[in-house]
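Subject: The structure we talked about

Hi,

Here is the structure I promised to pass on. Have a look around it first, then read my notes below.

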Amino acid sequence: MKYKIASLIFLLFSANQMLKAQTKYEITSPDKELSVSVFLKNKQAYYTISRKSAPVLANSSLGLIREDADFAKNLTVMSVSKNELVKDNYTLKNGKRLNNQYLANKRILHLQNASAQKMDVIFQVSNDGVAFRYYFPDADTQLKKITEEKTAFHFFESTKAWMQPMSVAKTGWESTNPSYEEYYKKEISVGTPAPTQAGWVYPALFNYKNTWLLVTEVGLDGGYCATRLKQNSPAGNYQVGFPDGREAFTNQNVNPESTLPWYTPWRVIAVGSLKKVTESTLGTDLAAPAKTAINPELFQLGKASWSWIMLKDNSIVYDIQKKYIDFAADMKWEYCLIDVDWDTKIGYEKMQQLADYAKSKNVGLLLWYNSAGDWNTVKYTPKNKLTTHENRLKEFALLQKMGIKGIKVDFFGGDGQSMIRYYLELFEDAAKFGLSVNCHGATLPRGWQRTYPNLVTMESIKGMEFITFDQNNANEEPLHATTIPFTRNIFDPMDFTPMNLSKIPNIKRKTTAAFELALPVIFQSGVQHLAESPNGMATVPAYVKSFLQTFPASWEDTKFIDGYPGKFVVMARKAGSKWYIAGINGENSDKLINLDFSKFNAKEAEIIIDAEEGTDFITGGIDLKSPPPVKMKPYGGFVIVVTQK
């Protein structure tokens, strides 16, 4: 009898496990438009995504491989949590929206591998996308190392993609790659291999039928490396990849390692119409809240003058920097950025004088630093000031005493876990001394601006400096600038350093002046380092100068009006009682834009646009009762300021 009972229990258990292996666990968005199915097939975990009941992402694998355990095969579902509604409300000055609300349905799959080791997969589905991450719930003080992540995004064959290739580590000028400074491949077929084994960076944008999907990662802390998508994606199946073994801080680790318990970052797929994806805030919704020790009110957002972008190294001298402080004061901009070699060409003592002078003009100074480290052969200074905690505290205390408001740190060496820790330690130490941080030659922020309010912006893009280097980059600007609002800049602040209204030395600008004027509205950055010079500003009409003097530092809301990646974009951003509507045309033909001003509760509206003939601006009021279409010239643009009733 005991044998029969034991056999029956075994059979019931086996039947239950077989049922679990065949079961699809569903998680839907609060509005029921998105649905995720998670299931086991041959003891491997997969997920799919549907929108309006139509599949938009095919069977995509889940799982991780640690040195000590395989969580990609021979998996068993032990239990699955009930659906739980997750809510979050937060404010973020450095983003597309001041007041943000996150609402998602959450479900956890508790898995076990063949050795009875545990791994959870946590899914959260909101109205604008899907997020999931892994969690090892066991407690273990022994260091665990992940060798491979099996997470994949399997797109259907007819899907098109907009993706930026990852540059190979230790290539480029002074071997400073990777720095997220490649042009996007536009509207390519999924499955197209990346140019090198380094793969593709986030965010990656995809279009399948009438659905857009944007893939990225969020919630990256010191417990994981930054990842990317692998070079090869057979049949449109993109797998998460780890950094090059050389992307480390001072010979430390690259791949993820941690004690247990251990959370991985969120894998994020924004899903919906192009408007929904472009307006999404998933990239910060899933980021960790602001560090309680960092007071966001200490770090003022704003605009900055900057000599180096047009005048380069020889401009970093006392007299020219004083002129650029005067320029910032005249423009009512909050900052002046002083770039490379200031410590030798100006010196700390004279910099104190500049800081005092800037303060008398109500302008704050931002100072450049070399990230240094053994990965870095760049000769620019100050160098070797930031690589240890002790050195940072000493330098930052000195800057605080001088009245310096922030630092720009350049030439980071990759995405390894140890390098990610270096970034975060920089942010935390700088915050202790009231210093904002801007990183160049750097990785994608991945929502860090929410967690570290003193992180005002990061470059991570092929920006204006490249246009000043080579005519080919100037020729590419219209296509590039109309792609990155849908990709790189969709969640995170981006220091493109935009807007040249007059001329660039030795370069023929492809874009019109109104295209350039629109960029600080189209591009979001906590501090906009504007490329125009005092001499260039002297050539523009008074109403353009006035616009730039009163231009907002941050936004209360953002709306996507119209556009298509690499062709054109029209966006509206709100500050106070005004909406700023801006458009740029990436194509060599006129483009008509129809605007419904009733959606903005408009009392009056003024437009700045390219003149029909020549290169001048024109301005005028808009008839709100019967507004005509706005015509963007080839590679042209416009800005409209709407005052609400």
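What follows is a tour of what turned up in it.

One thing to keep in mind from the start: this is a predicted model.

**Aromatic rings**

Let's begin with the rings. A pair of aromatic rings is described by the distance of the centres and the angle of the planes. The structure has 46 aromatic pairs. In one of them, Trp-306 and Trp-308 are stacked, with 5.9 Å from centre to centre and 25 degrees between their planes. Both Trp-306 and Trp-308 are buried.

For contrast, try Phe-327 and Trp-333. Their planes stand at 65 degrees and their ring centres are 5.2 Å apart, so this pair counts as edge-to-face. Phe-327 is buried, and Trp-333 is buried too.

Rings can also gather in groups. Which residues join Phe-249 in one aromatic cluster? They are Trp-375, Phe-412, Tyr-422, Tyr-423, Phe-427, Trp-448 and Tyr-452.

Two rings have a lysine over them. The charged end of Lys-24 sits over the ring of Phe-39, at 5.1 Å from the ring centre. Over the face of Tyr-318 you'll find Lys-350, 4.1 Å from the centre of that ring.

**Empty space inside**

Next, the holes. Rolling a probe the size of a water molecule over the atoms shows where empty space is left. Counting cavities of 30 Å³ or more gives six. The largest cavity holds about 160 Å³ of space. It is lined by 23 residues, and those closest to its centre are Gly-95, Lys-96, Asn-489, Ile-490 and Phe-491.

What kinds of residue make up that lining? Twelve are polar, seven are nonpolar and four are charged. Helix α3 (282–285) and strand β29 (568–575) each contribute at least two residues to the lining of the largest cavity.

**Cysteines**

A disulfide is a covalent bond between the sulfur atoms of two cysteines. How many does the whole structure hold? The search finds zero disulfides. Take Cys-336: the nearest cysteine sulfur belongs to Cys-439 and is 19 Å away. Cys-439 has a nearer neighbour in Cys-225, but the sulfurs are still 18 Å apart, which is too far for a bond. Is Cys-336 buried or exposed? Cys-336 counts as buried because its relative accessibility is 0%. Cys-439 is also buried, with a relative accessible area of 0%.

**Backbone oddities**

Most residues other than glycine have a negative phi, and most peptide bonds are trans. Here are some exceptions to look up.

- Tyr-202 and Pro-203 are joined by a cis peptide bond, with omega about -10 degrees. Pro-203 is in the loop between β14 (185–189) and β15 (204–208).
- Leu-260 and Pro-261 are also joined by a cis peptide bond, and omega there is about 5 degrees. Pro-261 belongs to strand β19 (residues 257–263).
- Lys-32 has a positive phi, near 70 degrees. You'll find Lys-32 in the loop between β1 (25–28) and β2 (34–41). Lys-32 counts as exposed because its relative accessibility is 61%.
- Lys-170 has a positive phi near 70 degrees as well. Its place is the loop between β13 (160–163) and β14. With a relative accessibility of 26%, Lys-170 counts as partly exposed.

**An exposed loop residue and an enclosed helix**

Last, two spots to compare by eye. Asn-314 lies in the loop that runs between α4 (308–311) and α5 (318–330). At 67% relative accessibility, Asn-314 counts as exposed. Asn-314 and Val-340 are 26 residues apart along the chain, and 9.7 Å separates their C-alpha atoms.

Now go to helix α13 (residues 513–522). Why can we call α13 largely enclosed by the rest of the structure? Ten of its ten residues are buried, so the description fits. Among the buried residues of α13 are Phe-515, Glu-516, Leu-517 and Pro-520.

Happy exploring, and write back if anything is unclear!

Technical notes. Residues numbered from 1 in each chain as written. Predicted model: local features only at pLDDT ≥ 70, side-chain atom pairs only at ≥ 80, totals over all residues. Heavy atoms only, no water. Phe/Tyr/Trp six-rings, centres within 6.5 Å; stacked < 30°, edge-to-face > 60°. Buried < 20%, exposed > 50% of the residue type's maximum accessible area, 1.4 Å probe, protein only. Lys NZ or Arg CZ within 6 Å of the ring centre and 35° of its normal. 1 Å grid on protein atoms, 1.4 Å probe; cavity = no way out; pocket = protein on both sides within 12 Å on 5 of 7 lines; lining within 4 Å. Points joined across faces, edges and corners; volume = space filled by probe spheres on them. Helix = DSSP H or I, 4+ residues; strand = E, 2+ residues; numbered from the N terminus. Nonpolar A, V, L, I, M, F, W, Y, C, P; charged D, E, K, R; others polar. Disulfide = S-S within 2.5 Å.
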